[in-house]
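Reader: I have a structure open and would like to go through it piece by piece. Can we start with the sheets?

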Amino acid sequence: MRVLVTGSAGFIGSAVVRRLKAAGAVVVGYDKLTYAGVAEAGSPVDALVKADIADPAAAEAALQTHQPDLVMHLAAESHVDRSIDGPAVFIQTNIVGSYVMLEAAARYWRGLDETRRRRFRFHHISTDEVYGSLGQTGQFTEQTPYDPRSPYSASKAASDHLVRAWSETYGLPVVMTNCSNNYGPYHFPEKLIPLTILNALEAKSLPVYGDGSNVRDWLFVEDHADALYQVVTRGRIGEKYNVGGDAERTNLQVVQAICDTLDEMQPDPAGSRRRLITFVSDRPGHDFRYAIDHSKITRELGWRPSVGFEEGLRLTIQWYLDNRAWWSAIRDGVYAGERLGARAE
């Protein structure tokens, strides 16, 4: 099984690569290696195409040269705060890039022999943020209407619709997934959990947006990678599957849990790290709550999350404690932990 993985050097993409290699697949990575694409994270690939997914010639060449049986499309700009500050790159990568990959995949698929055509899949990996914001109750299902609220989620919603259109109009065999918030090893430290871990280790302020009551469903990245493997290999063509972690927490609860776990694992002589929590102005358009109903993937493919939030958080913190050189290079170079996404115009 040969698999082309776009975004292979990113956080989720590198976990997918590890899962595919564990299953014996030949993996071709495709990554622009932007600020969040760390080459070491995607090191298990058998070949790496360093290119932009929005480059039609590069996309065509990658498919024709490496002849994959499956394409897993994860490459995307993914940080809501960055999308608020600079939406243009999200439009270019997430929408135009997805269009380019779909066009290249459709041409490639049409040129395969009948056996390989039947085997081919284009798997589009997306987010639960396309569904908008929930109130105190309810969960997102695969039938939830789209209602994106940020430039990031709008760009991902657009890419989801393009994938559906290429399936319905051109017959491209696709599968889709929409996941909840991921966390785990190799997470670029601009997102809540890794940023809080590193700030806490350095005794810096731990910013919490608003009053910290916004809720997210947390999914350990290795569980997500396994879900994606199950969908791309066994999912029904034309279907989408929601992937969630059964771990709803408020942002404040997450930050407090990091403080308490880190205090246990590596005590701070100055006292509890909860003292570092600081409430800051809320993110513009901050969605109140996300929650995933993953009953479809559980029912059809037998997948369910295996790592609970407390266990996953401990594993994640230990990884950052053991890999200081990895994140120190990032903090000293491309991102030092400054506030992003405060722009509201």
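Author: This is a predicted model. One open sheet has three strands in the order E7-E9-E11, and its pairing is mixed.

Reader: Which strands stand at the edges there?

Author: Strand E7 (181-183) and strand E11 (248-250) do. Each has a single partner strand, so one side of each is left without a neighbour in the sheet.

Reader: By how many degrees are neighbouring strands of this sheet turned against each other?

Author: On average by 50 degrees, direction ignored.

Reader: How many bridges join E7 to E9?

Author: Three, and E7 runs parallel to strand E9 (residues 215-220). Within that pair, Asn-181 stands opposite Trp-218 in E9.

Reader: Which helix packs on this sheet?

Author: Helix H8 (residues 221-234), which touches E7 and E9. The direction of H8 makes about 70 degrees with that of E9.

Reader: Now the sheet of seven strands. What order do they come in?

Author: The order is E3-E2-E1-E4-E5-E6-E10, in an open sheet with parallel pairing. Strand E3 (47-50) and E10 are the edge strands, and each pairs on one side only. Neighbouring strands in this sheet are turned by 20 degrees against each other on average, direction ignored.

Reader: What holds paired strands together, in general?

Author: Backbone hydrogen bonds, with the strands either parallel or antiparallel.

Reader: Take E1 and E2. How many bridges join them?

Author: Five bridges join strand E1 (residues 2-6) to strand E2 (residues 26-31), and the two run parallel. Arg-2 stands opposite Val-26 in E2.

Reader: And E6, is it buried or exposed?

Author: Six of the six residues of strand E6 (residues 174-179) are buried, so E6 is largely enclosed by the rest of the structure.

Reader: Which residues point which way from E6?

Author: Val-174, Met-176 and Asn-178 point one way, while Val-175, Thr-177 and Cys-179 point the other way. All of them are buried.

Reader: What joins E6 to its neighbours? Start with E5.

Author: Six bridges join E6 to strand E5 (residues 121-127), and the two run parallel. Between E5 and E6 the chain crosses through helix H6 (residues 151-170), and this β-α-β crossover is right-handed.

Reader: And E10? How many bridges join E6 to that one?

Author: Four bridges join E6 to strand E10 (residues 240-243), again a pair that runs parallel. Asn-178 appears in both pairings: it is the bridge partner of Ser-126, and it stands opposite Asn-242 in E10.

Reader: Where does H6 lie?

Author: H6 lies across E5, E6 and E10, running at about 155 degrees to E5. Helix H4 (residues 88-110) lies across E1, strand E4 (70-73) and E5, and runs at about 165 degrees to E5.

Reader: Zooming out, how many helices and strands does the protein chain come to?

Author: Twelve helices and twelve strands. The radius of gyration of the protein chain is 20 Å, close to the 20 Å that the globule rule gives for 345 residues, so the chain is as compact as a globular protein of that length. Its C-alpha atoms fill a box of roughly 65 × 40 × 40 Å along the principal axes.

Reader: What share of the residues counts as buried?

Author: Of the 345 residues, 57% count as buried. The accessible surface of the chain comes to about 13,400 Å², and 51% of that belongs to carbon and sulfur atoms.

How values were computed. Residues are numbered from 1 along each chain as its sequence is written. This is a predicted model: local features need pLDDT of at least 70, side-chain atom pairs count only at pLDDT 80 or more; totals for chains, interfaces and linings use all residues. Side-chain values use heavy atoms; hydrogens and water are left out. Buried means under 20% relative accessible area, exposed over 50%, partly exposed in between (1.4 Å probe, protein chains only). Two strands pair if DSSP finds at least two bridges between them. A crossover is right-handed if, with the strands pointing away from the viewer, the path from the first strand over the helix to the second runs clockwise. The radius of gyration is taken over C-alpha atoms; the globule rule is 2.2 Å times the number of residues to the power 0.38. Accessible areas come from the Shrake-Rupley method with a 1.4 Å probe; for residues, only the protein chains shown count as cover. Axes are lines fitted to C-alpha atoms, for helices over the stretch in contact, and angles run from 0 to 180 degrees between N-to-C directions. Contact means heavy atoms within 4.5 Å.
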